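Grab a viewer and work through these exercises at your own pace. Each one has a task, then a solution in steps.

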Amino acid sequence: MDTAIQTVIETKKKSQSFRRHEQATAFWFIFPAIALLLVFVFYPMLQAFIISFKNYSLVGAGDVFVGMDNYVHLMKDRAFFNSLKHSFYFAIIVIPIQTSVALGLALLIQKKTAAAGLFRTLYFIPVIISTAVAATVFKLIYNKEFGLLNSVLKALHLPVTSFLSDPDTAMNGIIVLGIWKGAGFFMIIFLAGLNNISPDLYEAARVDGASRIQQFFKITLPLLNRTMAFVVIMTTIDAIKLSGLVFVMTNGGPNSSTETVVFYIYKQAFTQMRMGYATAAAFVLFAIVLTISLIQMKLFSKDAD
């Protein structure tokens, strides 16, 4: 009896020792990632948050604590709110169109045909093209004097347009480029989601007499809920933080009609050297994006239920 009890106790000790060893091994595997996050993400974020309460400049000796002044002035800054409006305009247009295009492309290339691989590559090429290169090419396409767009309009005997020089159309030109460049990435995400749907479900639906449209709305869309949530949230974040395309194509013009909020933050920090003010704007943007993402996650989780 004593021997059996002793054996059980030793087994438990060995099990506990093995667990501790596993936990220690797991810790050392994740330690490099944790260290990198602490040093290059969380510590800079903490420092940036502190700077947002200062009159901090990249040049000179300005490092004065001003409390909430940066945030108060930001709430009265019309240029900041205009930049937010431009970012949200871009997002509101891009999110539904880009998501629809990406899903449509995924449905087109889902079928296993001889040309499917070729079309996947063609649709994905815009994603891997450098932002600067893509923006420069589209800038040439939109050129009023020798651009491809106006050449087509002339051939159709339509009036030419100065696409990027007109405040009413400049943002639309950037939107077209943004959709063209981002749709391929989300197409791959949708394709992965579509491949996870069992073909048996479609077979059963066809036996019951369901049309392709009914199959799409009754099977495909509901089962793509989680994938759709990921795509919409990521598209929203990418759209609101738009800056690279604006920097190359219009530099925020004409008349600040394409100045997005991230481009505004860049100008405040590195053109006007108001790092404290720019950092405050960045944290306000962070709070806005976080709130929108949480609301979207809540809405999609309700749909899943």
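## Exercise 1: The annotated spans

Residues 275-295 form a span that is 100% helix and 0% strand, with end C-alpha atoms 30 Å apart. Keep in mind that this is a predicted model.

**Task.** Which residues does the UniProt annotation "transmembrane region" cover, and how does the chain run over residues 26-46?

**Solution.**
- Start with the record: the unreviewed UniProt entry gives "transmembrane region" for residues 26-46, 88-109, 121-142, 174-194, 228-249 and 275-295.
- Now take residues 26-46: the chain there is 100% helix and 0% strand, and its end C-alpha atoms are 27 Å apart.
- The unreviewed entry in UniProt also lists residues 84-296 as "domain: ABC transmembrane type-1".
- Over residues 84-296 the chain is 76% helix and 0% strand, while the end C-alpha atoms are 19 Å apart.

## Exercise 2: Overall build

**Task.** Work out whether the protein is a compact globule or more spread out than one.

**Solution.**
- Count the elements: the protein has 13 helices and two strands.
- Next, check the radius of gyration: it is 26 Å, well over the 19 Å that the globule rule gives for 305 residues, so the protein is more spread out than a compact globule.
- For the box, the C-alpha atoms fill roughly 100 × 70 × 35 Å along the principal axes.
- On burial, 34% of the 305 residues count as buried.
- As for contacts with a separation of 6 or more, 67% of them link residues 24 or more positions apart.
- The surface comes last: about 18800 Å² is exposed, with carbon and sulfur atoms supplying 67% of it.

**Task.** How far apart are the mean positions of the positive and negative charges?

**Solution.** There are 25 positive and 16 negative charges, and their mean positions are 2 Å apart.

## Exercise 3: Thr235 and Gln98

**Task.** Thr235 and Gln98 are 137 residues apart along the chain. What separates their C-alpha atoms in space, and which residues does each one touch?

**Solution.**
- Place them: Thr235 is in helix α10 (residues 225-240), and Gln98 is in helix α3 (residues 78-110).
- Their C-alpha atoms are separated by 8.2 Å.
- Leave out residues up to four places away in sequence, and Thr235 touches Val94, Ile95, Gln98, Thr99 and Phe186.
- With that exclusion, Gln98 touches Gly178, Ile179, Gly182, Ala183, Phe186 and Thr235. Phe186 therefore appears in the contact list of Thr235 and in that of Gln98.- Now the burial cut-off, which is under 20% relative accessible area: Thr235 has 2%, so Thr235 is buried.
- Gln98 comes in at 6%, so Gln98 counts as buried too.

## Exercise 4: Phe81 and Ala205

**Task.** Is Phe81 buried or exposed, or does it fall in between? Do the same for Ala205.

**Solution.**
- Phe81 is in helix α3, and its relative accessibility is 38%, so Phe81 counts as partly exposed.
- Setting aside neighbours within four places in sequence, Phe81 is in contact with Leu74, Met75 and Lys76.
- The C-alpha atoms of Phe81 and Thr260 are separated by 9.7 Å, with their positions 179 residues apart along the chain.
- Ala205 is in helix α8 (residues 199-207), and with a relative accessible area of 12%, Ala205 is buried.
- Ala205 is in contact with Ala210, Gln215 and Ile219, again leaving aside neighbours within four places in sequence.
- For a longer distance, try Ala205 and Phe163: they are 42 residues apart along the chain, and their C-alpha atoms are separated by 48 Å.

## Exercise 5: Backbone oddities

**Task.** Which peptide bond is cis, and what is phi at His157 and Ser256?

**Solution.**
- Begin with the background: most residues other than glycine have a negative phi, and most peptide bonds are trans.
- The bond from Gly253 to Pro254 is cis, with omega near -5°. Pro254 is in the loop between α11 (244-249) and α12 (261-271).
- Ser256 is in the loop between α11 and α12, and its phi is near 60°, a positive value in a residue other than glycine.
- With a relative accessible area of 37%, Ser256 is partly exposed.
- His157 has phi near 60°, also positive, and is in the loop between α6 (148-155) and α7 (170-195).
- At 72% relative accessible area, His157 is exposed.

Methods
Residues are numbered from 1 along each chain as its sequence is written. This is a predicted model: local features need pLDDT of at least 70, side-chain atom pairs count only at pLDDT 80 or more; totals for chains, interfaces and linings use all residues. Side-chain values use heavy atoms; hydrogens and water are left out. Helices (H or I, at least four residues) and strands (E, at least two) are DSSP runs, numbered from the N terminus. Buried means under 20% relative accessible area, exposed over 50%, partly exposed in between (1.4 Å probe, protein chains only). Contact means heavy atoms within 4.5 Å. The radius of gyration is taken over C-alpha atoms; the globule rule is 2.2 Å times the number of residues to the power 0.38. Accessible areas come from the Shrake-Rupley method with a 1.4 Å probe; for residues, only the protein chains shown count as cover. Lys and Arg count as positive and Asp and Glu as negative; His and the chain ends are not counted. The place of a charge is taken as NZ of Lys, CZ of Arg, CG of Asp or CD of Glu. UniProt positions are given in the numbering used here, feature names are shortened, and annotations may be inferred rather than shown by experiment.
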